[in-house]
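Okay, thanks for coming, everyone. I'll put the structure up and then we'll walk through it together.

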Amino acid sequence: MDAETAEFVKSGFLAAVPFARHLGLEFIDVEHGRVSMHLPDDPNHRNHIGGPHAGVMFTLAESASGAIIIGTFGDTLDRAVPVTTTATIDYLKVAMGDLTAEATLSRPREEIIAELDAGRRPEFPIEVEIRTEDGTVTGRMTIMWTLKPNRK
């Protein structure tokens with residue numbers, strides 16, 4: 001992905017998702033099929049044990065997956081609507097401090113587009129790993145997405 005497209009994804013996502021802006025989410029890296037985002041530590045987002053609230057961690061991971069959709073399938077949004085179908089998250093360790101989420105598309109774009117071109121509704125997972133600054137994995141999320149073809 002070229003720098004101009006990556007910047008379009010970053011600015012477009014943050015413009016379209018006010019809650020991501022509210023939480024202070026920032027992009028680290030944007031590529032086709034991979035996005036990493038940063039969540040700065042904020043005392044207002046902490047839970048009863050001092051780490052970020054589970055909903056904040058969920059939003060970080062889901063946001064990284066959504067940015068993959070924009071960056072990887074932005075050219076299909078005139079003919080299909082991206083929709084999440086399920087999301088599962090495992091909270092593995094108490095997260096403290098700043099967090100990073102790295103999301104990865106688990107199927108090749110070409111395969112997904114071929115299904116869409118054939119008139120089907122492709123479904124595909126995006127895997128997300130949430131880490132602390134020292135690299136400790138504190139959570140993993142799988143988000144199933146579909147590209148729902150527009151019906152004319």
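Let's start with one residue, serine 36. Buried or exposed? Serine 36 counts as buried, because its relative accessibility is 6%, and the cut-off for buried is under 20%. And before I go on: this is a predicted model, so please keep that in mind throughout.

So where is serine 36? You'll find serine 36 in strand β2, which runs over residues 34-39. What does serine 36 touch, once we skip the neighbours within four places in sequence? The contacts are Phe27, Ile28 and Asp29, plus Ala101 and Glu102.

Hold on to Ala101 and Glu102 for a second, and look at valine 128. Valine 128 sits in strand β5, residues 123-132. Valine 128 is buried as well, with a relative accessible area of 4%. Not counting residues up to four places away in sequence, valine 128 touches Ala101, Glu102 and Ala103. So Ala101 and Glu102 turn up in the contacts of serine 36 and also in those of valine 128. Valine 128 also touches Ala61 and Ser65, and then Gly139, Arg140, Met141 and Ile143. Take arginine 140: from valine 128 you go twelve residues along the sequence to get there, while the C-alpha atoms are 5.6 Å apart in space.

Staying in β5, there's proline 125. At 18% relative accessibility, proline 125 counts as buried, since the limit is under 20%. Proline 125 has contacts with Thr104, Leu105, Ser106 and Arg107, and with Thr142, Ile143 and Met144, again leaving out residues up to four places away. Ile143 is a name we just heard, as valine 128 touches Ile143 too. And threonine 146, which is 21 residues from proline 125 in sequence, is 8.8 Å away in space, C-alpha to C-alpha.

Okay, let's zoom out. How many helices and strands are there? The chain has four helices and six strands. Following the sequence, the order goes α-α-β-β-α-β-β-α-β-β. The radius of gyration is 16 Å, and the globule rule gives 15 Å for 152 residues, so the chain is as compact as a globular protein of that length. If you box up the C-alpha atoms along the principal axes, you get roughly 50 × 30 × 25 Å. Of the 152 residues, 40% count as buried. And looking at contacts with a separation of 6 or more, 68% are between residues 24 or more positions apart.

Now, helix α3. This one covers residues 54-73, which is 20 residues, and from first C-alpha to last it reaches 28 Å, close to the 28 Å expected at 1.5 Å a residue. Why do I call α3 largely enclosed by the rest of the structure? Because 15 of its 20 residues are buried.

One residue in α3 is threonine 59. Threonine 59 counts as buried, at 14% relative accessibility. Beyond the neighbours within four places, threonine 59 is in contact with Phe19, Leu23 and Leu25. Phenylalanine 19 belongs to helix α2, residues 18-23. At 43% relative accessibility, phenylalanine 19 counts as partly exposed. For a sense of distance, threonine 76 is 57 residues along the chain from phenylalanine 19, and their C-alpha atoms are separated by 25 Å.

Next, the loop between β2 and α3, which is where proline 43 is found. Proline 43 counts as exposed, because its relative accessibility is 58% and the line for exposed is over 50%. Glycine 97 is 54 residues away along the chain, and the C-alpha atoms of proline 43 and glycine 97 are separated by 9.6 Å.

Glycine 97 brings me to my last stop, the empty space. Searching the whole structure turns up one cavity of 30 Å³ or more. The largest cavity has a volume of about 40 Å³. Which residues line the largest cavity? Gly97 is there, along with Leu39, Pro40, Asp41, Asp42, His45, Pro52 and Val56. By character, that lining splits into four nonpolar, two polar and two charged residues.

That's the tour, thanks for listening!

Methods: Residues are numbered from 1 along each chain as its sequence is written. This is a predicted model: local features need pLDDT of at least 70, side-chain atom pairs count only at pLDDT 80 or more; totals for chains, interfaces and linings use all residues. Side-chain values use heavy atoms; hydrogens and water are left out. Helices (H or I, at least four residues) and strands (E, at least two) are DSSP runs, numbered from the N terminus. Buried means under 20% relative accessible area, exposed over 50%, partly exposed in between (1.4 Å probe, protein chains only). Contact means heavy atoms within 4.5 Å. The expected span of a helix is 1.5 Å times one less than its number of residues. On a 1 Å grid over the protein atoms alone, a cavity is a set of points where a 1.4 Å probe fits but cannot get out, and a pocket is an open set with protein on both sides within 12 Å along at least five of seven lines; lining residues have an atom within 4 Å of a point. Grid points are joined across faces, edges and corners, and a volume is the space filled by probe spheres set on the points. Ala, Val, Leu, Ile, Met, Phe, Trp, Tyr, Cys and Pro count as nonpolar, Asp, Glu, Lys and Arg as charged, and the others, Gly among them, as polar. The radius of gyration is taken over C-alpha atoms; the globule rule is 2.2 Å times the number of residues to the power 0.38.
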